[in-house]
Amino acid sequence: MSRLHRYATTLRWTGNRGTGTSAYAAYGREHEVEADGRPDLALTSDPAFRGDPARWNPELLLLASLSSCHQLWYLHLCAEAGIAVLAYEDRAEAVMEEEASGAGRFVEAILRPVVTIAPGNDAARAAALHRDAGAKCFIARSMNFPVRHEPEIRTA
């Protein structure tokens with residue numbers, strides 16, 4: 001039996017510099033996203049599209065969502081498999097292709113988790129569980145581009 005889960009956010013544009021969108025260069029790309037009971041996120045567009053490099057942008061959030069979802073599934077699967085993960089850090093990257101028209105799309109993401117496991121744990125099994133986590137990750141399963149995994153497993 002399937003279950004539906006619903007999510008809600010509110011986005012508020014804060015980049016009106018006095019004349020709204022009277023010209024492409026006349027407005028700021030700043031906006032905020034909120035969800036009930038959570039801190040607001042300050043966002044903008046990518047700096048390549050006139051955004052503030054000090055703020056998050058949608059492309060980074062997409063990549064962060066992929067990385068986070070993968071990590072959560074991976075930790076879950078390791079716990080079930082009896083593998084004690086002591087540390088996890090992912091240096092994820094994604095590539096977006098911009099077309100001549102200005103439209104674009106992501107063409108790939110690469111997750112590069114460095115995982116430290118407890119001595120005596122099965123490093124080969126720990127590495128293989130990344131494939132399983134990728135197959136279960138809600139975000140990765142929703143993407144229309146490849147999400148690759150290049151894990152490094154270390155033993156403490």
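**Figure 1. Cysteines of the predicted model.** The count of disulfides in this structure, which is a predicted model, comes to zero. Cys 78 is in no disulfide, and the nearest cysteine sulfur belongs to Cys 137, 15 Å away. A disulfide here requires sulfur atoms within 2.5 Å, a cut-off that the 15 Å between the sulfurs of Cys 78 and Cys 137 does not meet. A disulfide is a covalent bond between the sulfur atoms of two cysteines. Is Cys 78 buried or exposed? Cys 78 is buried, its relative accessible area being 0%. Cys 137 is buried too, with a relative accessible area of 0%.

**Figure 2. The whole chain.** Three helices and nine strands make up the secondary structure of the protein. Their order along the sequence is β-β-β-α-β-β-β-β-α-α-β-β. The radius of gyration is 19 Å, whereas the globule rule gives 15 Å for 156 residues, so the protein is more spread out than a compact globule. The C-alpha trace spans about 65 × 35 × 35 Å along its principal axes. Of the 156 residues, 28% are buried. The protein exposes about 10100 Å², and carbon and sulfur atoms supply 52% of that area. Taking contacts between residues at least 6 apart in sequence, 52% join residues at least 24 apart.

**Figure 3. The open sheet β1-β2-β3.** Three strands lie in the order β1-β2-β3 and form an open sheet with antiparallel pairing. The edge strands are β1 (10-13) and β3 (41-43), each of which pairs on one side only. Direction ignored, neighbouring strands of this sheet are turned by 25° against each other on average. Strands of a sheet pair through backbone hydrogen bonds, either parallel or antiparallel. How many bridges join β1 to β2? Four bridges join these antiparallel strands, and Arg 12 has Glu 32 in β2 as a bridge partner.

**Figure 4. The β2-β3 hairpin.** Strand β2, residues 31-34, pairs with β3 in the antiparallel sense over three bridges. Within β3, Ala 42 is the bridge partner of Glu 32 and Leu 41 is that of Val 33. Glu 32 thus appears in bridges on both sides of β2: with Arg 12 and with Ala 42. The two strands form a hairpin with six residues between them. Gly 37, in the turn, has a positive phi of about 75°.

**Figure 5. Side chains along β2.** Which residues of β2 point to the buried face? The side chains alternate along the strand, with His 31 and Val 33 pointing to one face, where they are buried. Glu 32 and Glu 34 point to the other face and are not buried. Val 33, one of the buried pair, is bridged to Leu 41 in β3.

**Figure 6. Arg 141 in helix α3.** Helix α3 covers residues 138-141 and contains Arg 141. Arg 141 is exposed, with a relative accessible area of 61%. Leaving out residues up to four places away in sequence, Arg 141 touches Gly 134, Ala 135 and Lys 136. Thr 21 lies 120 residues from Arg 141 along the chain, and the C-alpha atoms of these two residues are separated by 36 Å.

How values were computed: Residues are numbered from 1 along each chain as its sequence is written. This is a predicted model: local features need pLDDT of at least 70, side-chain atom pairs count only at pLDDT 80 or more; totals for chains, interfaces and linings use all residues. Side-chain values use heavy atoms; hydrogens and water are left out. Two strands pair if DSSP finds at least two bridges between them. Axes are lines fitted to C-alpha atoms, for helices over the stretch in contact, and angles run from 0 to 180 degrees between N-to-C directions. The radius of gyration is taken over C-alpha atoms; the globule rule is 2.2 Å times the number of residues to the power 0.38. Buried means under 20% relative accessible area, exposed over 50%, partly exposed in between (1.4 Å probe, protein chains only). Contact means heavy atoms within 4.5 Å. Accessible areas come from the Shrake-Rupley method with a 1.4 Å probe; for residues, only the protein chains shown count as cover.
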